Amino acid sequence: MYVEIKTKRLLLRPLRPEDFPNVRQYIGDPENTRFMLFMQNFTKDETRQFLSEAWAEWQMDQPRLYEFAVMLSGKHIGIGSVSLEEENTAELGWILNKDYWKRGYGVETALALKKFAVDTLCVLRLSAHCDSRNESSRRLMEKIGLETEGPNGTRTYPKNGETAEELLYTLNLRSSAD
């Protein structure tokens with residue numbers, strides 16, 4: 001399966017193993033991954049494995065996880081993902097190279113992921129999680145129409161053992177007649 005999503009300024013295309021140098025640049029930066037539960041302090045080998053698994057998922061007839069490279073004028077600036085969860089539910093996620101923060105690319109990416117999940121994958125419920133200290137992610141989720149369901153417990157970062165409050169944001173697209 002091959003999917004490309006075009007927005008006003010961005011192209012989202014399947015993440016591939018050859019994206020390693022660009023992905024490594026921002027995944028290897030502790031500031032960039034400070035609030036990332038699973039990418040925090042990825043080694044080079046973990047980054048390669050992540051890219052290999054993401055590409056393998058794209059080769060399936062019906063992927064459960066869609067990992068997109070976020071491209072700006074041909075430059076790889078981040079990753080956006082849609083993970084199919086329980087029936088008709090998808091979790092959205094994103095990470096951008098810090099050199100591209102605060103320019104609206106995160107919102108543009110998240111809106112494209114949301115549209116893909118709803119229009120193409122026909123999900124009826126969206127979710128996203130974040131560390132409660134990640135104000136930028138919280139604002140982004142609200143800008144794309146997700147609402148907080150409040151604290152969802154805690155998250156413990158596997159590499160350093162740090163624990164933080166986790167927030168769950170959702171958007172229920174089911175009609176009241178359902």
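Two strands count as paired when DSSP finds at least two bridges between them. By that rule S6 and S8 are partners in this predicted model, as seven bridges join these antiparallel strands. Within this pair, arginine 125 has asparagine 172 of S8 as its bridge partner.

The wider sheet is a good place to continue. It is an open sheet of eight strands, following the order S1-S2-S3-S4-S5-S6-S8-S7, with mixed pairing. The edges are taken by strand S1 (5-6) and strand S7 (147-156); each has a single partner strand, so one side of each is left without a neighbour in the sheet. Six bridges link S7 to S8 in the antiparallel sense, and here glutamate 147 stands opposite threonine 170 of S8. Strands of a sheet pair through backbone hydrogen bonds, and the pairing may be parallel or antiparallel.

The parallel kind appears between S5 and S6, which are joined by three bridges. Glutamate 91 has serine 127 in S6 as its bridge partner. Together with H3, strands S5 and S6 build a right-handed β-α-β unit. S6 itself is largely enclosed by the rest of the structure, because five of its seven residues are buried.

Two further helices can be placed against the sheet. Helix H2 (residues 44-58) lies across S2, S3 and S4 and runs at about 110° to S3. H4, in turn, lies across S5, S6 and S8, at about 165° to S6.

What fills the largest nonpolar core? This core has 34 residues, of which Leu12, Phe68, Ile77, Val82, Leu92 and Trp94 touch the most other members. Elements that each supply at least two of its residues include strand S2 (10-14), strand S4 (75-84), helix H3 (105-120) and helix H4 (135-143). H3 gives the most, with six residues. Another core of 14 residues lies apart from this one, and Tyr26, Phe50, Leu51 and Ala69 are among its members.

Leucine 92 offers a closer view of the largest core. Beyond its neighbours within four places in sequence, leucine 92 is in contact with residues including Val82, Ala110, Leu113, Ala117, Leu126 and Ile144.

Finally, a search of the whole structure finds zero disulfides. Is cysteine 130 buried or exposed? Cysteine 130 counts as buried because its relative accessibility is 3%, and buried means under 20%. Cysteine 122, at 48% relative accessibility, counts as partly exposed, since the exposed class begins over 50%.

Technical notes:
Residues numbered from 1 in each chain as written. Predicted model: local features only at pLDDT ≥ 70, side-chain atom pairs only at ≥ 80, totals over all residues. Heavy atoms only, no water. Core = buried A, V, L, I, M, F, W, Y, C linked by side-chain atoms within 4.5 Å. Buried < 20%, exposed > 50% of the residue type's maximum accessible area, 1.4 Å probe, protein only. Helix = DSSP H or I, 4+ residues; strand = E, 2+ residues; numbered from the N terminus. Contact = heavy atoms within 4.5 Å. Disulfide = S-S within 2.5 Å. Axes fitted to C-alpha atoms, helices over the stretch in contact; angles between N-to-C directions. Right-handed = clockwise from strand over helix to strand, strands pointing away.
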